[in-house]
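Below, a reader asks how each label given to this structure is justified, and each reply sets a value against its criterion.

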Amino acid sequence: MTTETAAAPPPAPAALSAAEAAAQAVERRAGVRRWLLAAPAVTVIGVCGLMPLLIVLAYSWAKPADYAGVVWRFQPDAWVNLLFQQDIFSDALTPNYAYYSIYLRSVEMAFLTTTLALIVGFPTAYFIATRSPRNRNVWLFLITIPFWSNLLIRIYAIMMIIRDDGYLNHALISLGFIDQPVPIIYTNYAVAYGLIYAYLPLMVMPLYASIEKLDFRLVEAGYDLYASRLKVLWHVIVPLVKPGIVAGCTLVFIPAIGDYIIAQMLGGGNRMMLGNLIAQQFSTARNWPQGSALALGLMSVVMLALMFYAARMQRSRAQ
Amino acid sequence: MSQAAAVPLPKPGARRAAQRGRGKPPRFDVRRLPGFATMAWVCVIGLYAPIVVLVIYSFNDNPSVTIWTGFSWRWYASAFGNEQIRDAALLSLRVAVTAAIVATAFATMAALATTRVPSFRGLTAIYAIINQPLMVPEIVTGIATVVFFALIKQLTGIYGLGYLITAHIVFCIPFAYLPIRARLEDMDRAYEIAAADLYATPWRAFRYVTLPLLVPGILGGAMLAFLVSLDDVVITVLVSGPGEETLPLYVIGQVKRGVTPELNAMATLFLAASTLFATLFFLLTRKRAG
């Protein structure tokens, strides 16, 4: 035994290096294989997902052509226009209030949607997470099913209910609450309802995932210490499920601020949001550089939201 | 999710109830918060009411969508007879099926390359690229894709449905990738090591061990990709070329002219299809818990 271990060391370096070389060769081949396997997905997304963004970045610094497209001449106008308007006669820069009101509406609607989705989604997620495991799955299934059907069909269903000649107005009239149809569609309320309707599952799912992991012994401890239900909710439950709240809010805020189709269908023409303004630059306004600059502006806002989310997550993980 | 759900949480309230004897309700349930159950029901009713109304009125005999007169299949017959609806639905299905198959194949390969492997240089970059479509707002992706494709069309002179399908493949890949990756991560390396011990070549070990075990994940990924493609509106509306009237484009065009029961019938059929596929996805990905 002792002689064997004593005799072993001398040949070891050579054998080890041979084995090491073989292992390295295997590892190198595995590495090549991994890259080949990942290549199709990476190439498709790289070429058709990332490159277009770079082109948009280039377009945002160019001069708009008369009918769509760009002329390759450097011009920072599109970026300046995000905030300021150039006077046609004097070249003086004045604040671009028309855009400000659209930014403001987008941010307002996104915040409103996120807040309401949290108010509705938190109790729902909590209720689901406190069911029996079997019932939980049924509830989660119920919440996500509408999310997987075509967005336009869901918006269409909402339109049928809230339009002037829709079921809601009919019901209210026949019940005698009102005698004239109340305008609901083409208002901010309609857009907010549509946004919440569309993105509520994105709030409920991460909240559920957090609440499900909640240690209810801590909740019980809170009650044992004579805390009221409200106090337990606010000082025990909410701090513990904060990661879920942050995740849900981020997931709802991002599509809400970039919304295009819901504002168009339920808001009519005069409830323009950032998404509609961007699309308009590429259709009727035919100002591609402007559309590109607006799109990149929107993207930076979303990236900031994601970074905020990542920072929060890291901090909560560190704790 | 379903996996974690299998582990029961301690239920102090329930335990107390059991101590007092069966049938008696617990005196104080620490998990209950008043009003939350009501809110959950309001939430589900709010989500389903518009859909239920739409489905019910698709069977309405009356051509006016708001007044109920009697049950009838006539709008389904007329939707099937409407060539425009049929073409739009078939086109949407063709795009969704093609995109789902290609995206799932690519996502499976990428998942094999990035899951259960030692960390290597570029792994984070691959993750970032695969998830990129999820990070960028749809409207931005949509217009960027339009601009890019316009440039290619200008340079090559090639037109066709390929552009729309490619755009769908891009955003379907991350969705197909997630369930496949989840399935792979749950798989024990021991099976493949056993296969290798029994002198299986890496390919045979993959073909007869890894792949069969991975099938539920792959099918789940394909379902999800298919659903996401069928669900998409913004990118489809922006990228569709002339003459490529997909379902969302058809609905937008019709709604401008007013709501028709025929549209209800078609919407109901699509809801049924997506519910079916969502159910399949749910069942496929749930199995891994058992």
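Q: Which residues is Cys172(B) in contact with, leaving aside its neighbours within four places in sequence?
A: In this predicted model, Cys172(B) is in contact with Ala99(B), Ala100(B) and Ala103(B), and also with Ala225(B), Val228(B) and Ser229(B). Each of these pairs is called a contact because the C-beta atoms lie within 7 Å.

Q: What places Cys172(B) among the residues singled out in the largest nonpolar core?
A: The core has 167 residues, and Cys172(B) belongs to the group that touches the most other members, together with Ala103(B), Ile173(B), Ala176(B) and Ala225(B). Although these five are in chain B, the largest share of the core, 17 residues, comes from helix H8 (residues 188–212) of chain A.

Q: Why is Val228(B) called buried?
A: Val228(B) has 20 C-beta neighbours inside 10 Å, and the label requires 20 or more, so Val228(B) counts as buried. The residue is in helix H10 of chain B and, beyond four places in sequence, is in contact with Phe171(B), Cys172(B) and Phe175(B). The C-alpha atoms of Val228(B) and His168(B) are separated by 8.8 Å, with their positions 60 residues apart along the chain.

Q: What makes Val95(B) buried or exposed?
A: With 24 C-beta neighbours inside 10 Å, set against the cut-off of 20 or more, Val95(B) is therefore classed as buried. Val95(B) is in helix H5 of chain B, and its contacts, not counting residues up to four places away, are Leu164(B), Ile165(B), His168(B), Ser229(B) and Thr246(B). Ala190(B), by comparison, is 95 residues from Val95(B) in sequence and 39 Å from it in space, C-alpha to C-alpha.

Q: Why does Arg116(B) count as partly exposed?
A: Arg116(B) has 14 C-beta neighbours inside 10 Å; buried would need 20 or more and exposed 12 or fewer, so the label for Arg116(B) is partly exposed. Arg116(B) is found in the loop between H5 and helix H6 (123–135) of chain B.

Q: What is notable about phi of Arg116(B)?
A: Arg116(B) is not a glycine, yet its phi is positive, at about 55°. Most residues other than glycine have a negative phi.

Q: Why is Tyr199(B) called exposed?
A: Tyr199(B) has 8 C-beta neighbours inside 10 Å, and the label applies at 12 or fewer, so Tyr199(B) counts as exposed. Tyr199(B) lies in the loop between helix H9 (189–197) and helix H10 (202–231) of chain B, and its phi, near 65°, is likewise a positive value in a residue other than glycine.

Q: How do you know which elements make up chain B?
A: The assignment gives chain B 13 helices and 0 strands, and the order from the N terminus on is accordingly written with α at every place. Chain A, in turn, has 14 helices and 4 strands.

Q: What does the radius of gyration of chain A show when set against a compact globule?
A: A compact globule of 319 residues would have a radius of gyration near 20 Å, but chain A has 28 Å, and the value of chain A therefore departs from the globule rule. The C-alpha atoms of chain A fill a box of roughly 105 × 70 × 35 Å along the principal axes.

Q: How many residues does each chain bring to the contact between them?
A: Chain A brings 74 residues and chain B brings 78. On the side of chain A, helix H2 (residues 12–59) supplies the largest share, 19 residues, and that side divides into 55 nonpolar, 12 polar and 7 charged residues.

Q: Where in chain B does pLDDT stay under 50?
A: That stretch is residues 1–8 of chain B, for which the model has 14 contacts beyond four places in sequence. Where pLDDT is low, the predicted coordinates should not be read in detail. Among the elements of chain B, helix H1 (residues 2–5) has the lowest mean pLDDT, 44, and helix H5 (residues 83–114) the highest, 94. Chain B has a mean pLDDT of 85, with 89% of its residues at 70 or more, and the model scores ipTM 0.82 and pTM 0.83.

Methods
Residues are numbered from 1 along each chain as its sequence is written. Chains are lettered from A and ligands numbered from 1 in the order in which they are written. This is a predicted model: local features need pLDDT of at least 70, side-chain atom pairs count only at pLDDT 80 or more; totals for chains, interfaces and linings use all residues. Two residues are in contact if their C-beta atoms, placed from the backbone, lie within 7 Å. Helices (H or I, at least four residues) and strands (E, at least two) are DSSP runs, numbered from the N terminus. Ala, Val, Leu, Ile, Met, Phe, Trp, Tyr, Cys and Pro count as nonpolar, Asp, Glu, Lys and Arg as charged, and the others, Gly among them, as polar. The radius of gyration is taken over C-alpha atoms; the globule rule is 2.2 Å times the number of residues to the power 0.38. A nonpolar core is a set of buried Ala, Val, Leu, Ile, Met, Phe, Trp, Tyr and Cys residues joined through C-beta atoms within 7 Å. pLDDT is the predictor's confidence in each residue, from 0 to 100.
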